[in-house]
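Trainee: I'd like a close look at one part of this model: how its strands pair. Could you walk me through that, and then through what lies around it?

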Amino acid sequence: MALLITFGLAGCATRPVNPRIEHFDPATMYTFQRPSENQEDRRHFVLLAFSGGGMRAAAFSYGVLETLRDIEITTPSGRKVRALDEVEVITGVSGGSFTALAYGLYGDKLFDDYERRFLRRDVQGQLIARVLNPFNWGALVSTGWGRSELAADLYDEVLFNGATYADLKRDGPQIVVSATDLSEGTRIDFNKPTFDMLCTDLGGFRLARAAAASSAVPVVLSAITIDNHGGTCDYRPPAWTRLLLDNPDPPRPAVRSIKHLNELRAYSDQSRRPYLHLVDGGISDNIGSRGVLDVLSTFASLHALGMPTPFDRLREVFVFVVNSLATPPNDWSLHENPPGMVELLIQTAGAPIDRYSYDTVETLKDMQAGWQVLRVVRTDMKPIAEGNPKLDFILRAPDINIHVIDVSFAVLKDSAERDYLHRLPTSLVLRSEAVDRLRAAARTAILESPAIRELMKQDIARMVGSGPTSAGAAQMEVAPARVPVD
């Protein structure tokens, strides 16, 4: 009887419904690049890809932001700016999505209070306490409203304050976090092109729900369910997508983009897929780099087809792959008995993701190497390639340098520190010492990378900051609390 009374007091919860676009306006375009004082400064493009890994990933990616804040670079026009101010895109999955979204919301104010409000908080303990609280049980059994919705409400209280995508800073980098559609295994990016296709107003979607979806580890947390309004707003895909999809013989780099475009196009019929059940983005892309690969592959394809793109002026692309994947040691091969059920579940889920992440990084590096080779041979091969369709791709290849900067535990020279970081759990709570060592490790990994050392050697970049410091007493300026509309 007491349990029934408790459920009655708790009541049910209504699943948030993402706002629908009544009519799609193709004139509402977007651009990746930040406003620049000089066109010459648009010749380089900087992307940060934040991996998953719970609070470990959140702290490690925060250390990257701190380090880039403390590096001063000289732009092609001669301006001296912080490296952080030159970042145009930040992608994030799972734990990395918290840092990406929080920086997009607060900007530099993040450095005042992110540690106290999130990194040094026992978010996991607070979430468990809410799940075990009988007053939440009625809501937890409501249709479409599960543990991840409870988590989203907690993330709003401790970090996002009810902010939506419309509250992200307009003068900051584009923030793209990803989740995975549980039904199809498709990567779903929280960005305008994807949500336009779903006939959903991304501006009204709460950041906390995006973070909850991106970090919804299956079994441990429930899926975040969103409505698919596709096909109800007269959405028309951009011309460049039709150029690729309708091409009977598309350029080889387009294959990856075409596959993802076809996956997304399947959502345009609401009647066949009225709901998307979103879980951890790490399942489809645990280092947040698949989207980067898609962008670069699409650019190369459109460039080869002679279609103008926003990236035609670029000469340098810097991709910081911020990979906080941990590989805790085990001694299973030394014992006759196999690992237990929990260990087996963790290994079978984590091992394929880790290998997939490795392949993603290597594919980026292969693209980097391929473009560099084509740039070198372009001049020598030009007389031969002209008028030869089989060699003409050399002339049409992008004249761009790609720099893939590996920011991971593996690049650290201190073996004891590597071992310590690899043993850190994937959870939403860490000791303060671990937070500080992750921030310091990110700094070391960036400063020791060949690309950054070369920039410093050329006097293009130099350190102006003193390194990570503990959070001060100042409070972040928070976005006004608002009634959830998604």
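Mentor: Happy to. Two strands count as paired if DSSP finds at least two bridges between them. Helices (H or I, at least four residues) and strands (E, at least two) are DSSP runs numbered from the N terminus. This is a predicted model, in which local features need pLDDT of at least 70 and side-chain atom pairs count only at pLDDT 80 or more, while totals for chains, interfaces and linings use all residues. Residues are numbered from 1 along each chain as its sequence is written, and side-chain values use heavy atoms, with hydrogens and water left out.

Let's begin with an open sheet of 3 strands, whose order is 3-2-11 and whose pairing is antiparallel. Its edges are strand 3 (80-82) and strand 11 (461-463), each of which pairs on one side only. Strand 2 (residues 71-74) is joined to strand 11 by 3 bridges in the antiparallel sense. To find one of them on your screen, pick E72: its bridge partner in strand 11 is R462.

Now move to the parallel pairings, and start from strand 1 (residues 44-50). Strand 1 pairs with strand 4 in the parallel sense over 5 bridges, and L47 has V89 of strand 4 as its bridge partner. Strand 1 also pairs with strand 9, again in the parallel sense, over 7 bridges. Here A49 is matched with V321 in strand 9.

From strand 4 you can step onward to strand 5, because these two strands pair in the parallel sense and meet the bridge rule with 5 bridges between them. I90 stands opposite I175 in strand 5. From strand 9 you can step to strand 10 (residues 401-408), which runs parallel to strand 9 and is joined to it by 8 bridges. In that pairing, V317 stands opposite I402 in strand 10.

How enclosed are these strands? Buried means under 20% relative accessible area, exposed over 50%, and partly exposed in between (1.4 Å probe, protein chains only). In strand 4 (residues 87-93), 7 of the 7 residues are buried, so the rest of the structure largely encloses this strand. Strand 9 (residues 316-323) has 7 of its 8 residues buried, so strand 9 too is largely enclosed by the rest of the structure.

Next, follow the chain out of strand 4 into the loop that leads to helix 3 (95-106), where you will find S94. S94 is not a glycine, and yet its phi is positive, at about 50°. S94 is also buried, with a relative accessible area of 6%. A second residue to inspect is D234, in the loop between strand 7 (224-227) and helix 10 (239-245). D234 has a positive phi of about 60° although it is not a glycine. D234 is partly exposed, with a relative accessible area of 49%.

Another loop to visit comes after strand 5 (174-181): E184 sits between that strand and strand 6 (187-189). E184 is partly exposed, with a relative accessible area of 42%. If you set aside its neighbours within four places in sequence, E184 is in contact (heavy atoms within 4.5 Å) with Y267 and R273. You can also check the backbone here: the C-alpha atoms of E184 and L276 are separated by 9.2 Å, while the two residues are 92 residues apart along the chain.

For a helix-to-helix meeting, look at helix 16 and helix 17. E417, Y420 and L421 of helix 16 meet E433, A434, R437, L438 and A441 of helix 17.

Finally, zoom out to the whole chain. The secondary structure comes to 18 helices and 11 strands. Of the 486 residues in the protein chain, buried residues make up 50%. Among contacts with a separation of 6 or more in the protein chain, 80% are between residues 24 or more positions apart. To retrace the route through the parallel pairings, start again at strand 1, go to strand 4 on one path and to strand 9 on the other, then continue to strand 5 from strand 4 and to strand 10 from strand 9.
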